[in-house]
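Got the viewer open? Let's take a walk through this one, a stop at a time.

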Amino acid sequence: MTHMICGQQHIHAASTGHVERAIDANMVRTDGADEGCVTFVLHEEDHTLGNSLRYMIMKSLSRVVCFYSQDVEFCGYSITHPSESKINFRIQTRDGVAASEPLRSGLNNLTEVCKHVLHTFEARMQAFRDKEEPMS
Amino acid sequence: MEVFYPLSAQEKNDTTTKMAAPMSNVDEIRNRVILGEFGVKNVHTTDYPGNYPGYDDTWDLEKFKKTFRIDIVHSDEDTLEFDMIGIDASIANAFRRILLAEVPTMAIEKVFIYNNTSIIQDEILAHRLGLVPIKADPRLFEYRNPEDQEGTEIDTIQLQLKVKCTRNPRAPKDSSDPKELYLNHMVYSGDIKWLPIGNQADVFADAKIGPVHGDILLAQLRPGQELDVVMHCVKGIGKDHAKFSPVATASYRLLPEITLLQTIEGEQAERLKRCFSPGVIEIQNVNGRKVAKVVNSRLDTCSREVLRHDDLKNLVKLGRVRDHFIFSVESTGILPPDVLVTEAINVLISKCQKFLTELDMAEMD
């Protein structure tokens with residue numbers, strides 16, 4: 001049957017270390033484990049968002065002065081099983097940066113890219129239609 | 001796959017250690033996918049910050065805006081062909097995947113069969129009805145509540161199909177053509193009628209809600225057989241069932257690039273021209289000799305036929321431009337293809353926004 005696809009999404013984030021903790025809206029997120037190495041479980045997602053988000057995070061800006069190191073040491077995603085629609089999105093950061101930061105900036109950058117693509121596409125479609133008008 | 005490791009601090013300062021490849025080779029690795037005789041090389045994006053010393057590959061929105069371009073090549077009511085230049089494959093692929101599976105449409109979901117005496121089985125008929133594209137703007141409807149069995153006017157379209165086949169009393173005596181002998185013996189999608197619920201008759205007074213095409217053959221009947229069916233359409237996405245997919249197909253290909261490494265003349269030039277799709281290579285008359293020249297590599301289908309000829313394969317370099325995508329979107333008729341592309345981009349934006357709000361909610365605790 002048709003399911004509701006939008007809505008019902010939430011993120012579980014699990015830190016590495018010996019204790020794997022699911023984080024949802026009600027739990028407090030404090031433990032000794034490194035906040036820079038986190039696996040986010042994104043439900044109802046697949047390669048569509050996973051790959052594009054991974055690309056944006058890997059290209060992310062470095063706040064460190066030296067050009068060689070970036071905030072993000074590792075970023076990758078995997079689909080745990082094709083029958084389950086969720087992805088494990090892994091971010092490991094350098095220098096104690098919280099992992100949610102590159103995730104947030106990656107999402108913002110992806111939104112900006114999409115908005116620019118949208119504006120450009122609509123402008124070009126309009127220009128194309130205006131060019132066609134006098135001919136019809 | 002080639003993997004690039006960042007240079008250590010010592011290597012950076014050591015001026016005698018140069019990049020093994022000349023600069024142009026590096027540009028080729030960064031910007032081109034190479035089609036070789038036995039395999040395809042340089043497939044993956046490698047221009048992440050730190051991979052190439054001397055290049056600043058960090059994400060810069062202004063740099064992206066300067067190099068990004070969209071060119072509309074062809075547009076009519078069903079198909080749209082456009083180029084997207086300067087974007088990465090992961091995002092172009094995301095748009096393609098969303099066009100196929102996540103742009104919502106309306107399609108027949110529930111079929112109430114009151115009478116079916118045709119030889120088409122109930123479930124086969126219901127399956128065929130589900131695949132008929134329904135011309136209703138899905139942006140004006142809501143998703144149905146999972147618990148709701150009846151459906152309301154805001155999330156359901158009701159359609160009816162009622163056909164009875166009878167013998168034609170005015171058929172010639174010894175005819176054997178079904179078209180003459182029977183009336184209503186072919187059930188087409190054009191026989192599907194819209195039954196407005198609630199205020200739909202006012203809201204959609206001028207929008208003709210019904211199947212996009214009226215000539216889809218659904219069933220065949222013989223005299224005495226009857227079909228009496230009521231259908232409910234709901235909003236859904238292609239991920240759930242392919243009947244909800246709004247595109248006949250949406251695909252992209254990378255722009256091919258053909259480089260001739262030497263001048264190719266005479267009979268070789270003729271053979272070279274035949275190796276590629278028509279219109280790609282042209283024979284020009286230079287100083288009395290026939291010389292081959294690449295005029296329009298966009299038309300090439302990249303069959304790599306030239307690599308099968310031993311004397312030609314080393315004279316040509318085949319590749320694809322990594323960030324130039326030639327999109328082709330063909331709509332089923334529910335929404336025009338440019339509207340579909342716009343909707344697909346909006347779906348990706350809303351996915352990002354959803355996770356941003358989730359992150360904010362998680363941070364607040």
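Start with chain A: 42% of its 136 residues count as buried. Keep in mind as you go that this is a predicted model.

**Stop 1: chain A.** Colour chain A by secondary structure and you should find 2 helices and 4 strands. Trace chain A along the sequence and the order reads β-β-α-β-β-α. Now switch on contacts: of those in chain A with a separation of 6 or more, 58% are between residues 24 or more positions apart. Put a surface on chain A and you are looking at about 7300 Å² exposed, with carbon and sulfur atoms supplying 54% of it.

**Stop 2: the annotated stretch of chain B.** Select residues 79-358 of chain B. An unreviewed UniProt entry annotates them as "domain: DNA-directed RNA polymerase RpoA/D/Rpb3-type". Over residues 79-358, chain B is 22% helix and 35% strand. Pick the end C-alpha atoms of that stretch and they sit 37 Å apart.

**Stop 3: a sheet in chain B.** Next, bring up β5, β14, β7 and β11 of chain B, which form an open sheet in that order, with antiparallel pairing. Which strands stand at the edges? They are β5 (105-116) and β11 (193-195) of chain B; each has a single partner strand, so one side of each is left without a neighbour in the sheet. Look down the sheet and the twist averages 30° from one strand to the next.

Zoom in on the β5(B) edge. Its partner there is β14 (residues 226-236) of chain B, running antiparallel to β5(B) and joined to it by 10 bridges. To see one pairing, select A107(B): its bridge partner in β14(B) is V234(B).

Now add helix α5 (residues 122-130) of chain B. Helix α5(B) lies across β5, β7 (157-164) and β14 of chain B, and runs at about 150° to β5(B).

**Stop 4: two asparagines with positive phi.** Most residues other than glycine have a negative phi, which makes the next two selections worth a look. N42(B) is not a glycine, yet has a positive phi of about 60°. You'll find N42(B) in the loop between β2 (40-41) and α3 (61-67) of chain B. Then jump to N184(B), also with a positive phi of about 60°, in the loop between β9 (182-183) and β10 (186-188) of chain B.

Is N42(B) buried or exposed? At 15% relative accessibility, N42(B) counts as buried, under the 20% cut-off. N184(B), with a relative accessible area of 48%, is partly exposed.

How values were computed. Residues are numbered from 1 along each chain as its sequence is written. Chains are lettered from A and ligands numbered from 1 in the order in which they are written. This is a predicted model: local features need pLDDT of at least 70, side-chain atom pairs count only at pLDDT 80 or more; totals for chains, interfaces and linings use all residues. Side-chain values use heavy atoms; hydrogens and water are left out. UniProt positions are given in the numbering used here, feature names are shortened, and annotations may be inferred rather than shown by experiment. Buried means under 20% relative accessible area, exposed over 50%, partly exposed in between (1.4 Å probe, protein chains only). Contact means heavy atoms within 4.5 Å. Accessible areas come from the Shrake-Rupley method with a 1.4 Å probe; for residues, only the protein chains shown count as cover. Two strands pair if DSSP finds at least two bridges between them. Axes are lines fitted to C-alpha atoms, for helices over the stretch in contact, and angles run from 0 to 180 degrees between N-to-C directions.
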